Amino acid sequence: MTLSYPGPAVRPVPQFTVDVPPDWVVSDFPDALFAAGYQQDADTDWANVVVQHHRLLPDATLQDIARATWQSIEDMHPEASIVYERLVRY
């Protein structure tokens, strides 16, 4: 059997839009769809956004998503810590 991505059995990433400031630069980033941020010197921390995509079951809650996201961050950066946490409810 041959699977094609995207295809009937392997769904593509849903279409979405992200609004970023006009002076941000979009670039590739490991294990992410893309990254965007201010172009700065290598010695300066970037103020940026990294857009990743993970498939979740349809009944996943915001708490499930938050836990999975934090686990992914910890796996990549074990030294990471939570400084501020907020969960928005609609």
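**Exercise 1. Find where Val-10 is located, and decide whether Val-10 is buried, partly exposed or exposed.**

*Solution.* Start with the position: Val-10 belongs to the segment before S1. Keep in mind as you work that this is a predicted model. Next, take the relative accessibility, which is 25% for Val-10. Buried needs a value under 20% and exposed a value over 50%, so Val-10 counts as partly exposed. Finally, look at the surroundings. Leaving out residues up to four places away in sequence, Val-10 touches Leu-3, Ser-4 and Tyr-5.

**Exercise 2. Work out the secondary structure of the protein chain and the order of its elements.**

*Solution.* Begin by counting: the protein chain has one helix and three strands. Then read from the N terminus, where the order comes out as β-β-β-α. The three strands make an open sheet, arranged S1-S2-S3, with antiparallel pairing. Now check the margins of this sheet. S1 and strand S3 (48–51) are the edge strands, each pairing on one side only. As a last step, consider the twist: on average, neighbouring strands of this sheet are turned by 15° against each other, direction ignored.

**Exercise 3. Describe how S2 is joined to S3, and find the partner of Ala-35.**

*Solution.* First take the pair of strands as a whole: S2 and S3 run antiparallel and are joined by four bridges. Then zoom in on a residue. Ala-35 has Val-50 in S3 as its bridge partner.

**Exercise 4. Search the whole structure for aromatic pairs and classify what you find.**

*Solution.* The search gives one aromatic pair. It is formed by Trp-24 and Tyr-38, with ring centres 5.4 Å apart and ring planes at 75°. Planes over 60 degrees apart count as edge-to-face, so the Trp-24 and Tyr-38 pair falls in that class. Now place the two residues. Trp-24 is in strand S1 (residues 24–27) and Tyr-38 is in strand S2 (residues 34–38), so the pair ties together parts that are 14 residues apart in sequence. To finish, check the accessibility of Tyr-38: at a relative accessible area of 30%, Tyr-38 is partly exposed.

**Exercise 5. Locate the salt bridge and describe the setting of its two residues.**

*Solution.* A useful starting idea is that side chains of opposite charge can pair when their charged atoms come close. Searching the whole structure turns up one salt bridge. Its partners are the side chains of Arg-67 and Asp-64, at 3.2 Å from N to O. Then ask how the two sit along the chain: they are three residues apart in helix H1, so about one helical turn separates Arg-67 and Asp-64. Finally, compare accessibility. Arg-67 counts as exposed at 57%, whereas Asp-64 counts as partly exposed at 34%.

**Exercise 6. Is Ser-72 buried or exposed, and which residues does Ser-72 contact beyond its sequence neighbours?**

*Solution.* Place the residue first: Ser-72 is in helix H1 (residues 62–76). Its relative accessibility is 18%, and since buried means under 20%, Ser-72 counts as buried. Setting aside neighbours within four places in sequence, Ser-72 is in contact with Gln-52 and His-54.

**Exercise 7. Put the protein chain in overall figures.**

*Solution.* Begin with burial: of the 90 residues in the protein chain, 8% are buried. Next comes the accessible surface, about 8,200 Å², with 55% belonging to carbon and sulfur atoms. Last, turn to contacts between residues at least 6 apart in sequence: 19% of them join residues at least 24 apart.

Notes:
Residues are numbered from 1 along each chain as its sequence is written. This is a predicted model: local features need pLDDT of at least 70, side-chain atom pairs count only at pLDDT 80 or more; totals for chains, interfaces and linings use all residues. Side-chain values use heavy atoms; hydrogens and water are left out. Rings of Phe, Tyr and Trp (its six-membered ring) pair if their centres lie within 6.5 Å; planes under 30 degrees apart count as stacked, over 60 as edge-to-face and the rest as tilted. Buried means under 20% relative accessible area, exposed over 50%, partly exposed in between (1.4 Å probe, protein chains only). Contact means heavy atoms within 4.5 Å. A salt bridge is a side-chain nitrogen of Lys or Arg within 4 Å of a carboxyl oxygen of Asp or Glu. Two strands pair if DSSP finds at least two bridges between them. Axes are lines fitted to C-alpha atoms, for helices over the stretch in contact, and angles run from 0 to 180 degrees between N-to-C directions. Accessible areas come from the Shrake-Rupley method with a 1.4 Å probe; for residues, only the protein chains shown count as cover.
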